[in-house]
Amino acid sequence: MTPRALTLTAIPGIPLIKPGDDLAAIVVGAIRASGIVPIDHDVIVIAQKIVSKAEGRYIDLVTVTPSPRALELAAGTGKDPRHIEVVLSESTEVVRQRKDLIIVAHRLGFVMANAGIDQSNLDPGDSDRVLLLPKDPDASCASLKEHLDRAFGVSTAVVMNDSFGRPWRNGVVGVAIGAAGLPALQNRIGAPDLAGRPLRLTEIAFADELASAASLLMGQAAEGLPLVHARGLRWSDPPQPAASLIRPKHLDMFR
């Protein structure tokens, strides 16, 4: 049997991204400068934050007037009521709350802390601004894939990575909030196990596993490596967006 291998490479040279920057051109340039020559089935994992910055997804808290609900939640959590108001504007439901934490259902379907809105890794002068998730992460990935495929003449895949906490486990991990060109969710129901028994419930969060692996190189603090190249993966399932990873509320036993 031929050994299987997956190679992950953090691509340096990504500058601080500003609203309106041509992110696709910056990514293509960084890949070329790294000496990597993309081939079919290569995957580029990109950090959510630089996509949001390029798309100008900033909100200036000075312009925000907290609603009564935001003031109520701020009193219980100790968070800035203006920040809470922005979280509510991006959410459909408040799932849980306690001191210093609010868990919501984001309008995109993700159940996450603070609707993914924060101030980490923003420019030093951004003390009164917060950054939202992209409006449509799957569409952002599809656009970047189109640019990469055209620039390099191959068929790549793109995954957008963000950091999520998890129920029952300490620590954050990378998860896929956007994907294009690969099956974000793989259905293995009915496939045989080693003993020939059909799998009954198994689905694989393929894009999440890749996002988590890429996070080991991206880091969570001042590493400044928001782009990772992955080579060695193979798949035959048709592409599925990251939206397919979201469990419908009526199937969520914990909401």
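**Two sheets and the helices around them**

Author: There's an open sheet of 3 strands here, in the order 4-5-6 and with antiparallel pairing. Its edge strands, each pairing on one side only, are strand 4 (91-98) and strand 6 (111-113). From one strand to the next the twist averages 25 degrees. Bear in mind that this is a predicted model: local features need pLDDT of at least 70, side-chain atom pairs count only at pLDDT 80 or more, and totals for chains, interfaces and linings use all residues. Residues are numbered from 1 along each chain as its sequence is written, and side-chain values use heavy atoms, leaving out hydrogens and water.

Reader: How do you know that strand 5 and strand 6 are joined?

Author: Two strands pair if DSSP finds at least two bridges between them. Strand 5 (residues 101-106) has 3 bridges to strand 6, so the pair passes. The two run antiparallel, and V104 stands opposite M112 in strand 6. The strands themselves are DSSP runs (E, at least two residues), just as helices are runs of H or I with at least four, and both are numbered from the N terminus.

Reader: What lies across strand 4 and strand 5?

Author: Helix 3 does, running at about 25 degrees to strand 4. Helix 4 also lies across strand 4 and strand 5, but at about 135 degrees to strand 4. Those angles run from 0 to 180 degrees between N-to-C directions, with axes as lines fitted to C-alpha atoms, for helices over the stretch in contact.

Reader: Why is helix 3 called oblique to helix 4?

Author: Helix 3 (residues 68-77) and helix 4 (residues 81-89) pack at about 120 degrees, and their axes are 8 Å apart. That angle makes helix 3 oblique to helix 4: under 35 degrees would be roughly parallel, over 145 roughly antiparallel and 65 to 115 roughly perpendicular, with the rest oblique. The crossing is right-handed, meaning the near helix is turned clockwise from the far one by less than a right angle (anticlockwise would be left-handed).

Reader: Which residues of helix 3 and helix 4 meet?

Author: From helix 3 they are R69, A70, L71, L73, A74 and T77, and from helix 4 P81, I84, E85 and L88. Contact here means heavy atoms within 4.5 Å. By class that gives 7 nonpolar, 1 polar and 2 charged residues; Ala, Val, Leu, Ile, Met, Phe, Trp, Tyr, Cys and Pro count as nonpolar, Asp, Glu, Lys and Arg as charged, and the others, Gly among them, as polar.

Reader: What makes helix 1 oblique to helix 5?

Author: Their axes come within 10 Å and cross at roughly 45 degrees, helix 5 being residues 137-152. That angle is why helix 1 counts as oblique to helix 5. Helix 1 passes helix 5 in a right-handed crossing. A24, V27, V28, I31 and R32 of helix 1 touch L144, H147, L148, A151 and F152 of helix 5. These divide into 8 nonpolar, 1 polar and 1 charged.

Reader: What order do the 5 strands of the open sheet with mixed pairing take?

Author: The order is 1-12-2-8-9. Strand 1 (7-10) and strand 9 (169-180) are the edges, each pairing on one side only. Neighbouring strands are turned by 30 degrees against each other on average, direction ignored. Helix 6 (residues 206-218) packs on this sheet, touching strand 1, strand 2 (43-47), strand 8, strand 9 and strand 12 (227-231), and its direction makes about 115 degrees with that of strand 9.

Reader: How many bridges join strand 8 to strand 9?

Author: There are 8, and strand 8 (residues 157-166) runs antiparallel to strand 9. M160 stands opposite G178, and R166 opposite R169. The hairpin has 2 residues between the strands, and W168 in it takes a positive phi near 75 degrees.

Reader: Why do D42 and R231 count as a salt bridge?

Author: Their side chains meet at 2.6 Å, N to O, so they satisfy the rule: a side-chain nitrogen of Lys or Arg within 4 Å of a carboxyl oxygen of Asp or Glu. The pair links distant parts of the chain, 189 residues apart: D42 is in the loop between helix 1 (23-34) and strand 2, and R231 is in strand 12. By this rule the count comes to 12 salt bridges.
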